[in-house]
Amino acid sequence: MSIVQAFLCGVVYFLAIGNLPFVGLWSLQRPLVCGLITGIILGDPLTGAMTGASINLVYLGFISAGGSMPADMALAGILGTAFAITGGLDAETALSVAVPIGLLGTIVWYGRMTFGSVFVHVADNYIEKGEYHKIWRANVLFPQLMTALMTIIPCGLAAYFGASYISGFIEALSGTALTIFTVIGGMMPALGVAITLQYIFKGEARVFLFLGFILATYSGLDLLPLGVIAGLSALIYVQATSHKSDSEEEEIYE
């Protein structure tokens with residue numbers, strides 16, 4: 001991996017968690033997306049997409065509530081994909097390496113939340129001086145510059161130096177240890193699916209879970225038509241329940 005490629009990986013990480021418009025938490029942060037982009041940077045978009053998709057399965061039930069961050073899936077997707085491509089890892093082994101990286105990445109998130117509070121007082125200072133035209137610096141410019149320093153440099157260094165050592169690390173673990181990592185990595189996607197099922201397997205949604213499972217298993221349809229059928233079913237269900245609730249409200253008023 002060249003220095004430029006490592007720097008670009010850091011830039012992708014910055015864009016993924018920098019809360020910029022149209023990118024970040026709702027798009028680029030997902031390992032499937034940032035893994036693909038990392039693969040493009042390293043010249044192997046197919047491996048990047050496949051590795052990112054495998055890592056993404058772990059974070060299907062990912063929730064960040066109240067400012068908490070259980071894991072940094074963007075860093076896991078970027079570095080996991082980078083190490084997979086440069087080290088020649090398969091998706092399962094890369095996944096077992098990416099998950100601990102995602103846990104380590106929470107340090108960046110909490111560091112941003114902690115040091116970012118300083119800029120609130122900077123904005124207060126601008127207000128006291130009547131310099132209202134400078135408030136955007138405390139709200140946008142300074143926090144983004146701090147985020148850039150906390151993301152581009154560490155991620156770039158990790159990608160550059162980590163990639164040079166990953167091959168030797170894998171060779172040292174070859175044999176039983178590497179097999180254990182592969183097995184663990186293959187089991188991790190089940191965790192993400194299980195967390196997602198906790199939200200689906202409730203109330204009236206249970207029948208759709210069984211219906212979708214039977215349809216996907218025995219119909220022989222591809223993913224695209226199954227997705228269309230699922231979308232139409234959801235639309236019909238929402239329309240039917242909304243009409244039912246409207247009629248009940250009319251009866252109450254009568």
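Trainee: How many helices and strands does the protein chain hold, and what makes a stretch a helix?
Mentor: The protein chain has eleven helices and zero strands. A helix is a DSSP run of H or I of at least four residues, a strand is a run of E of at least two, and the elements are numbered from the N terminus. Read along the sequence, the pattern is α-α-α-α-α-α-α-α-α-α-α. This is a predicted model, in which local features need pLDDT of at least 70 and side-chain atom pairs count only at pLDDT 80 or more, while totals for chains, interfaces and linings use all residues. Residues are numbered from 1 along each chain as its sequence is written, and side-chain values use heavy atoms, with hydrogens and water left out.

Trainee: Thr38 is in helix H2; does Thr38 count as buried or exposed, and how do you know?
Mentor: Buried means under 20% relative accessible area, exposed means over 50%, and partly exposed lies in between (1.4 Å probe, protein chains only). Thr38 has a relative accessible area of 0%, so Thr38 is buried. Of the 254 residues of the protein chain, 35% count as buried.

Trainee: What does Thr38 have contact with, leaving aside its neighbours within four places in sequence?
Mentor: Contact means heavy atoms within 4.5 Å. By that rule, and with those neighbours left aside, Thr38 is in contact with Cys9, Ile78, Thr81 and Ala82.

Trainee: Where is Asp44 found, and which class of accessibility does Asp44 have?
Mentor: Asp44 is in the loop between H2 and helix H3 (45-58). Its relative accessibility is 27%, so Asp44 counts as partly exposed. Not counting residues up to four places away in sequence, Asp44 touches Gly39 and Ile85. Asp44 and Thr86 are 42 residues apart in sequence, and their C-alpha atoms are 9.9 Å apart in space.

Trainee: Why are the buried residues of H7 said to line one face of the helix?
Mentor: In helix H7 (residues 118-128), Phe119, Ala123 and Tyr126 are buried. Seen down the axis of H7, these buried residues fall within an arc of 55 degrees, so they line one face; the arc is that of the directions from the helix axis to the C-beta atoms. The face turned away from the buried side carries the exposed residues His121 and Glu128. Just after H7, Gly130 takes a positive phi of about 75 degrees.

Trainee: What makes a set of residues a nonpolar core, and how many residues has the largest one?
Mentor: A nonpolar core is a set of buried Ala, Val, Leu, Ile, Met, Phe, Trp, Tyr and Cys residues joined through side-chain atoms within 4.5 Å. The largest has 26 residues, and Tyr13, Ile78 and Leu79 have the most contacts inside it. Two or more residues of this core come from each of helix H1 (3-17), H2 (31-41), helix H4 (73-87), helix H5 (91-104), H7 and helix H8 (135-172). Another core, of nine residues, lies apart from it and includes Val58, Met73, Ala76 and Val99.

Trainee: How many disulfides are there, and how do you know that Cys9 and Cys155 form no bond?
Mentor: A disulfide is a covalent bond between the sulfur atoms of two cysteines. Here the rule is a pair of cysteine sulfur atoms within 2.5 Å. The closest cysteine sulfur to that of Cys9 is in Cys155, 6.3 Å away, which means that it is too far for a bond. The structure holds zero disulfides. Cys9 is buried at 0% relative accessible area, and Cys155 is buried at 2%.

Trainee: Why is the pair of Glu131 and Lys134 called a salt bridge?
Mentor: A salt bridge is a side-chain nitrogen of Lys or Arg within 4 Å of a carboxyl oxygen of Asp or Glu. The closest N and O atoms of Glu131 and Lys134 are 3.6 Å apart, so the pair fits the rule. By this rule the count comes to one salt bridge. Glu131 is partly exposed, with a relative accessible area of 22%.
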